[in-house]
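Here are my comments on the structure, set out as numbered points for a colleague who wants to check each one against the coordinates.

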Amino acid sequence: MSEQTLTEQIEQHHQDVITERIGVRRLAAEAGELDDQDQAPAAGAEPEGPTLRELALEEAALDMLAARVATAKKDVRARMQVALDAAARRDGVERVVATLPDGEAVATISLRAGATGPVVTDEETLARWLRQTYPEQDWTTTRIVREVRPWKLAELVAQMDAAQAAQIIDPDTGEVHDVPGVMIKPTRARTHALTWKRTGKAAVGEAWRSGTLRRYMQALTASTEEATA
């Protein structure tokens, strides 16, 4: 490779200095060490978007709001469930429409019934009973304690679920057995579901922007002391 001339060496030095300065300014901007004037783009330059500090603030603000939204949603769902359960018992009501102050329906909230079925409360007792009642069947395994093979347990639970009783019928003798270690109890709590109308989300968004929903958003705009009280 031929040796650079003096002119070429000077030009290369200028390029290296410019490159170094650009890198230093970029690192300083990311560290928040440049003032607003230094960070302002040159005249005619294309804006580069949010700065690192602006992005950090945006993420922090959204993280705080997301936590408040999650807490507020959990709270209102619990209160709504209590109110729906009471309305269903009192008046048979299982559905309510969410309506804006101007009368526009934006969503429907519907009650979902819970479920009741067999729950194995003592598998060791169940396994011991199966071993004694059906000794010729290989339905259990023995380790430290005896337990029912998973496939057979699923089969037995399905039978009891269909009968809604902790009982099974012997397919050979027709005898009805009370199954120990199993109880019929709630397996899924009552809950409710929200279904949006076609234009519901847009309407709620506009109501939020206009301030119509201010009283419903107090959990999001409360002071830190109020939010954690």
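**Notes on helix H3, the pocket and the salt bridges**

1. In this predicted model, Asp75 and Arg79 are separated by about one helical turn, because they stand four residues apart in helix H3. Their side chains meet in a salt bridge, with an N to O distance of 2.9 Å. The two partners fall into separate accessibility classes: Asp75 counts as partly exposed because its relative accessibility is 39%, whereas Arg79, at 52%, counts as exposed.

2. A second pair involving the helix reaches across the sequence, since Arg190 forms a salt bridge with Asp85 in which the closest N and O atoms are 2.9 Å apart. Arg190 lies in the loop between strand S8 (182-188) and S9, while Asp85 belongs to helix H3, so this pair ties together parts that are 105 residues apart in sequence. With a relative accessibility of 16%, Asp85 counts as buried, and Arg190, at 37%, counts as partly exposed.

3. Arg90 and Asp91 also form a salt bridge, with 3.0 Å between the closest N and O atoms. Both ends of this pair are exposed, Arg90 with a relative accessibility of 59% and Asp91 with a relative accessible area of 51%. The structure holds seven salt bridges, of which the pairs described here are examples.

4. The largest pocket has a volume of about 1200 Å³. Of the 27 residues that line this pocket, the closest to its centre are Val76, Ile109, Leu194, Tyr216 and Met217. The elements that contribute two or more residues to the lining are helix H3 (52-91), strand S1 (95-99), strand S2 (105-112), strand S9 (191-196), helix H6 (200-210) and helix H7 (218-221). Helix H3 gives the most, with eight residues. Sorted by class, the lining comprises 21 nonpolar, two polar and four charged residues.

5. On the surface, Leu62, Met64 and Leu65 make a nonpolar patch of about 260 Å². Met64 is a residue of helix H3, and its relative accessibility of 38% is why it counts as partly exposed.

6. For a contact between positions remote in sequence, one may look at Leu111, which is placed in strand S2. Leu111 and Thr191 are 80 residues apart in sequence, yet their C-alpha atoms are 6.2 Å apart in space. Leu111 counts as buried, because its relative accessibility is 13% and the cut-off for that class is under 20%.

Methods
Residues numbered from 1 in each chain as written. Predicted model: local features only at pLDDT ≥ 70, side-chain atom pairs only at ≥ 80, totals over all residues. Heavy atoms only, no water. 1 Å grid on protein atoms, 1.4 Å probe; cavity = no way out; pocket = protein on both sides within 12 Å on 5 of 7 lines; lining within 4 Å. Points joined across faces, edges and corners; volume = space filled by probe spheres on them. Nonpolar A, V, L, I, M, F, W, Y, C, P; charged D, E, K, R; others polar. Patch = residues over 30% accessible without salt bridge, like charges linked within 9 Å, V, L, I, M, F, W, Y side chains within 5 Å. Areas by Shrake-Rupley, 256 points an atom, 1.4 Å probe, with all protein chains shown as cover. Salt bridge = Lys/Arg side-chain N within 4 Å of Asp/Glu carboxyl O. Buried < 20%, exposed > 50% of the residue type's maximum accessible area, 1.4 Å probe, protein only.
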